[in-house]
Amino acid sequence: MGLLTGILTLPLAPLRTTLWAAEQVQKAAEAEYYDPAPVQQALVDLERALLEGRIDEDEYDRREDRLLDRLDEITARRRALRP
């Protein structure tokens with residue numbers, strides 16, 4: 001960015017900073033949302049709950065299906081982002 005461009009666009013600096021911050025928040029939120037570790041841990045916890053008798057088979061199946069669908073979504077997203 002040249003000196004003249006910098007001077008002329010100085011009034012837009014707060015907007016550029018706000019947009020940059022919003023992009024950083026979005027990137028962090030997406031990284032957290034598409035992290036498979038919490039979903040995998042939830043599957044482990046779910047199986048433990050079934051084995052300990054805290055939930056029945058039907059509840060296990062329903063929740064497991066949702067978690068596996070979530071893992072499929074995460075996997076598809078990661079594949080789509082690969083170069």
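**Close-ups of a four-helix model**

Buried residues make up just 16% of the 83 residues in this protein, which is a predicted model.

**View 1. The whole chain, four helices and no strands.**
Follow the sequence and you get the pattern α-α-α-α. With a radius of gyration of 22 Å, well over the 12 Å that the globule rule gives for 83 residues, the protein is more spread out than a compact globule. Its C-alpha trace spans about 70 × 30 × 15 Å along the principal axes.

**View 2. The aromatic pair, Y33 with Y34.**
The structure holds 1 aromatic pair. The ring centres of Y33 and Y34 are 4.9 Å apart and the planes sit at 85°, so this one goes down as edge-to-face, given that plane angles over 60 degrees get that label. As for cover, Y34 is buried, at 18% relative accessible area, while Y33 counts as partly exposed at 44%.

**View 3. R70 over the ring of Y33.**
Stay with Y33 and bring in R70: the charged end of R70 sits over the Y33 ring, 3.7 Å from the ring centre. So Y33, partly exposed at 44% relative accessibility, has a ring that pairs edge-to-face with the ring of Y34 and also has the charged end of R70 over it.

**View 4. A nonpolar patch of leucines on the surface.**
L12, L15 and L19 make up this patch, and together they have about 280 Å² of accessible area. L12 lies in the loop between helix 1 (3-8) and helix 2 (13-33). With a relative accessible area of 44%, L12 is partly exposed.

Notes:
Residues numbered from 1 in each chain as written. Predicted model: local features only at pLDDT ≥ 70, side-chain atom pairs only at ≥ 80, totals over all residues. Heavy atoms only, no water. Phe/Tyr/Trp six-rings, centres within 6.5 Å; stacked < 30°, edge-to-face > 60°. Buried < 20%, exposed > 50% of the residue type's maximum accessible area, 1.4 Å probe, protein only. Lys NZ or Arg CZ within 6 Å of the ring centre and 35° of its normal. Patch = residues over 30% accessible without salt bridge, like charges linked within 9 Å, V, L, I, M, F, W, Y side chains within 5 Å. Areas by Shrake-Rupley, 256 points an atom, 1.4 Å probe, with all protein chains shown as cover. Salt bridge = Lys/Arg side-chain N within 4 Å of Asp/Glu carboxyl O. Helix = DSSP H or I, 4+ residues; strand = E, 2+ residues; numbered from the N terminus. Rg over C-alpha atoms; globule rule 2.2 N^0.38 Å.
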